[in-house]
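Visitor: I am in my first year and would like to learn how the words used for a structure are justified. Could you take me through them with care?

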Amino acid sequence: MCAEAGSPDCSQPTPEIDRIIHEPARLMIVAHLYVVAEADFVFLQRQTSLTRGNLSSHLGKLEEAGYMEISKEFIEKTPHTVLRLTERGRQAFDRYRKNMRDFLSGGPGKA
Amino acid sequence: MSQEIDLKQIERRTYLTLQQDGIWDLFVGLALVGVSIGLLTKTPGTTAILPILAIILAPIVKRAMTLPRLGYVKFSPERQSKQKRNLNAMTVLFTLTALLGLVVFYAYLGDAGWQKWIRGLGLIPLGFVLALAALVLGLLYGVRRCLYYAALAMAAFIASHLLDMHPSVKFMVIGGVLSVTGAILLTRFVRKYPRPSREQSDVR
């Protein structure tokens, strides 16, 4: 495949891209949760401008992957759906960022 | 598709969302307008009480209006430490401002050389400290409009001194600009972020 494409250097393997995180909406969700300790559903919806249904669906996938935890908590006597990245989720995001940096910096256009 | 993610920018934007409501601008502006009216009508009680009321009421209104619309967030330990450091810096600055205010007040009670000199400057030293407070606030919290407020405060105090205007004029001008800015920001904020229903704040 490398020979057919005529590309000069095919020795570098393509890094594994975490497809759970790679999806644009989920990438935005994970990035926002990464920079805070925790946030509720409303805050995340405001920051990402996703619709309620869309956000719920993506949160479900992230929770299924073990990257985040969703809990219902009372904060100042008001119920909130609180979202936070798990340690696994944070590590997965760190790996994702490193892999993407490596992948993009080793691209064919780079001197 | 670009995969460049500027986490610092995201964090900063997330934090600054909380400052979009204009509530502090509105309350401080109204307090200054009140100070101006107090000076005009020579009711010192109004002059003293209104800024204190603003400091007490603004966080209460913010909690009642802003937080339900924006949602709950707990920032990272790094941001929380930074907020604590900023608060300490603002406390020191506020104390210095109050002390300088006392010095200026005391300058009007005697005829010593330094008292005459301060009287000669009018309220410009006070204006300088208020401008400095706004500048530091803007730099520490990243709220750019505070830098414009700082420039406005300095210009108003200097112009008022040079044109020999009544002291109430500068407070009315600064207070008026802050109040109007705050009101516009708050209106925009409330339109952009309507209060969500209980249903809307739940994951399905």
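**Values set against definitions**

Guide: A:Arg84 counts as buried, because its relative accessibility is 18%, and buried means under 20% relative accessible area, exposed over 50% and partly exposed in between, with a 1.4 Å probe and protein chains only. This is a predicted model, in which local features need pLDDT of at least 70 and side-chain atom pairs count only at pLDDT 80 or more, while totals for chains, interfaces and linings use all residues. Residues are numbered from 1 along each chain as its sequence is written, chains are lettered from A and ligands numbered from 1 in the order in which they are written, and side-chain values use heavy atoms, with hydrogens and water left out.

Visitor: What makes the pair A:Arg84 and A:Glu73 a salt bridge?

Guide: A salt bridge is a side-chain nitrogen of Lys or Arg within 4 Å of a carboxyl oxygen of Asp or Glu. The side chains of A:Arg84 and A:Glu73 meet at 2.9 Å, N to O, so the pair satisfies the rule. A:Arg84 lies in strand E3 of chain A and A:Glu73 in strand E2 of chain A, so the salt bridge ties together parts that are 11 residues apart in sequence. Helices (H or I, at least four residues) and strands (E, at least two) are DSSP runs, numbered from the N terminus.

Visitor: Why is A:Glu73 called partly exposed?

Guide: A:Glu73 has a relative accessibility of 25%, a value that falls between the two cut-offs, and therefore the middle word applies.

Visitor: How do you know that A:Arg84 also forms a salt bridge with A:Glu69?

Guide: The closest N and O atoms of A:Arg84 and A:Glu69 are 3.4 Å apart, which is again within the limit, so this pair is counted too. Here strand E3 covers residues 78–85 and strand E2 residues 68–75, so the pair ties together parts that are 15 residues apart in sequence. A:Glu69 is partly exposed, because its relative accessible area is 38%. A:Glu38, A:Glu69, A:Glu73 and A:Arg84 are linked in a network of salt bridges.

Visitor: Where do A:Lys98 and A:Asp102 lie, and what makes them a salt bridge?

Guide: Both lie in helix H6 (residues 87–105) of chain A, four residues apart, about one turn of the helix. Their side chains meet at 2.8 Å, N to O, so the distance rule is met. A:Lys98, at 45%, and A:Asp102, at 39%, each count as partly exposed. Side chains of opposite charge can pair when their charged atoms come close.

Visitor: How many salt bridges does the rule find over all chains, and how many across the interface of chain A and chain B?

Guide: The count comes to eight over all chains, whereas zero are found across the interface of chain A and chain B. The contact itself, meaning heavy atoms within 4.5 Å, takes 35 residues from chain A and 30 residues from chain B.

Visitor: Why is B:Lys42 called exposed?

Guide: B:Lys42 has a relative accessible area of 71%, which is over the upper cut-off, so the word exposed applies. B:Lys42 lies in the loop between helix H2 (23–41) and helix H3 (44–70) of chain B. Between B:Lys42 and B:Leu139 there are 35 Å in space, C-alpha to C-alpha, and the two are 97 residues apart in sequence.

Visitor: What is the make-up of chain B in helices and strands?

Guide: Chain B has eight helices and one strand, in the order α-α-α-β-α-α-α-α-α along the sequence. Of its 204 residues, 38% are buried.
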